[in-house]
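Subject: Handing over the structure

Hi,

Here is the structure I said I would pass on. Have a look at it first, and then read my notes underneath.

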Amino acid sequence: MIPGKVIFTAAGLGTRLLPMSKELPKEMLPIFVRGVGGVVLKPLLQALFEQLYCFGFRDFCFVVGRGKRSIEDHFTPDWDFVKRLSDKGKSNIASELERFYRMVEGSRIAFINQPEPKGFGHAVLVARFFVGSEPFMVCAGDTYIVSEGNSFIKRMVDAFSGDVSAVLLLQEVPNPRGYGVAVVEGSDGIFNVLRVVEKPERPPSNLAIMPFYIFRPEIFDVLEELGPGVGGEIQLTDAIQGLIDRGRKVVAVTLNPNELRLDIGTPETYWEAIKISHEYSIGERK
């Protein structure tokens, strides 16, 4: 069962990347990808959109805040620019842009403003009216997963069946204190989630929650009742725990060892994302 809609959260201030991120949203920072005529640079958010479009999604909502206008501009086709590139003989990049614009025009796209950066959970909550009564996917706009055939999305979608209320994506990391952390049981590739906690000082496991989720709309009822959590913000992890506390079924799948996570949230992780994406794009990393 493919969820009907996708929420991209892109309203954060990007404080760890200041002063660069004051006017340029961090989600628009480029990574290397394999393009029409070779390796090209694309904003991470564009690469993420294209990945989900190619999987079959067509309804997208971007939750943005002040200073994020460039995202809306980028996702507005400019066919005159494509023509100018073609006229100048820049056929490869013109074809790359044309492909992207065809995807944009083949989608239904909404932009919703989050007036204040009140947290990841609140960013999801403001998109409630976009979602309606359908299951949906949530993706943070600053993380991309390199996955052959988009197999991590397929595993998440396959796990979303029956009475499942939420699907999480997990990765084993050495120090998970900066993440949401999950405690799970099971060993068949789909794990039952017993407990989740946001940025714990003493992590109960080394399974970090990656910012890709599938939910039923009941998550909004939990989010509406939440008070501020870690960092004084509305935390999506706390809402997931709320589902578990209500007896709902939350499951998880894990990243495979050959799947690469690109995170541009800090200068150090962005440098790593640039390095890894370039190595993968030119074939040095499988």
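Q235 touches G121, E198, L226, G229 and V230, leaving aside residues up to four places away in sequence. Bear in mind that this is a predicted model, and that goes for everything below. You'll find Q235 in the loop between α8 (218-225) and α9 (236-245). Buried or exposed, then, for Q235? Q235 counts as buried, at 7% relative accessibility. One of the residues on that list, V230, also offers its backbone oxygen, which the side chain of Q235 reaches at 2.7 Å.

Next, the salt bridges. How many does the structure hold? The count is 20, and I picked out a few to walk you through.

Start with E96 and K42, whose closest N and O atoms are 2.9 Å apart. E96 belongs to helix α4 (residues 91-105) and K42 to strand β3 (residues 38-43), so this salt bridge ties together parts that are 54 residues apart in sequence. Both E96 and K42 are buried.

D158 and K154 make another one, with 2.8 Å between the closest N and O atoms. Both sit in helix α7 (residues 151-159), and because they are four residues apart there, about one helical turn separates them. D158 is partly exposed, with a relative accessible area of 45%, and K154 counts as partly exposed too, at 47%.

Helix α7 turns up again with R155, which forms a salt bridge with E259; here the closest N and O atoms are 2.7 Å apart. E259 lies in the loop between β12 (249-254) and β13 (260-263), so the pair with R155 ties together parts that are 104 residues apart in sequence. At 4% relative accessibility, E259 counts as buried. Salt bridges that share partners also join K42, E50, E96 and R99 into one network, so K42 and E96 from above come back here.

On to the aromatic rings. There are 17 aromatic pairs in the count. Take F62 and F75, a tilted pair with 4.7 Å centre to centre and 50° between the planes. F62 is in strand β4 (residues 59-64), while F75 is in the loop between α2 (69-74) and α3 (79-87); they are 13 residues apart, and the pair links distant parts of the chain. F62 and F75 are both buried. They also belong to one aromatic cluster, made up of F8, F49, Y53, F60, F62, F75, W79, F100, Y101 and F111.

Some rings have a charge over them as well. The charged end of R58 sits over the ring of Y53, 3.6 Å from its centre, and Y53 is one of the cluster members just listed. Elsewhere, R34 has its charged end over the ring of Y280, at 4.3 Å from the ring centre.

Last, the cysteines. How many disulfides does a search of the whole structure find? Zero. Why is C54 not bonded to C139? C139 holds the closest cysteine sulfur to that of C54, but the two are 14 Å apart, which is too far for a bond. C61 is in no disulfide either: its nearest cysteine sulfur, again that of C139, is 12 Å away. As for their surroundings, C54 is partly exposed, with a relative accessible area of 48%, whereas C61 is buried, at 0%.

That's what I have for you. Enjoy looking around!

Best wishes

Key. Residues numbered from 1 in each chain as written. Predicted model: local features only at pLDDT ≥ 70, side-chain atom pairs only at ≥ 80, totals over all residues. Heavy atoms only, no water. Disulfide = S-S within 2.5 Å. Buried < 20%, exposed > 50% of the residue type's maximum accessible area, 1.4 Å probe, protein only. Helix = DSSP H or I, 4+ residues; strand = E, 2+ residues; numbered from the N terminus. Polar contact = N/O pair within 3.5 Å; in protein donor to acceptor, adjacent residues only side chain to side chain. Contact = heavy atoms within 4.5 Å. Phe/Tyr/Trp six-rings, centres within 6.5 Å; stacked < 30°, edge-to-face > 60°. Lys NZ or Arg CZ within 6 Å of the ring centre and 35° of its normal. Salt bridge = Lys/Arg side-chain N within 4 Å of Asp/Glu carboxyl O.
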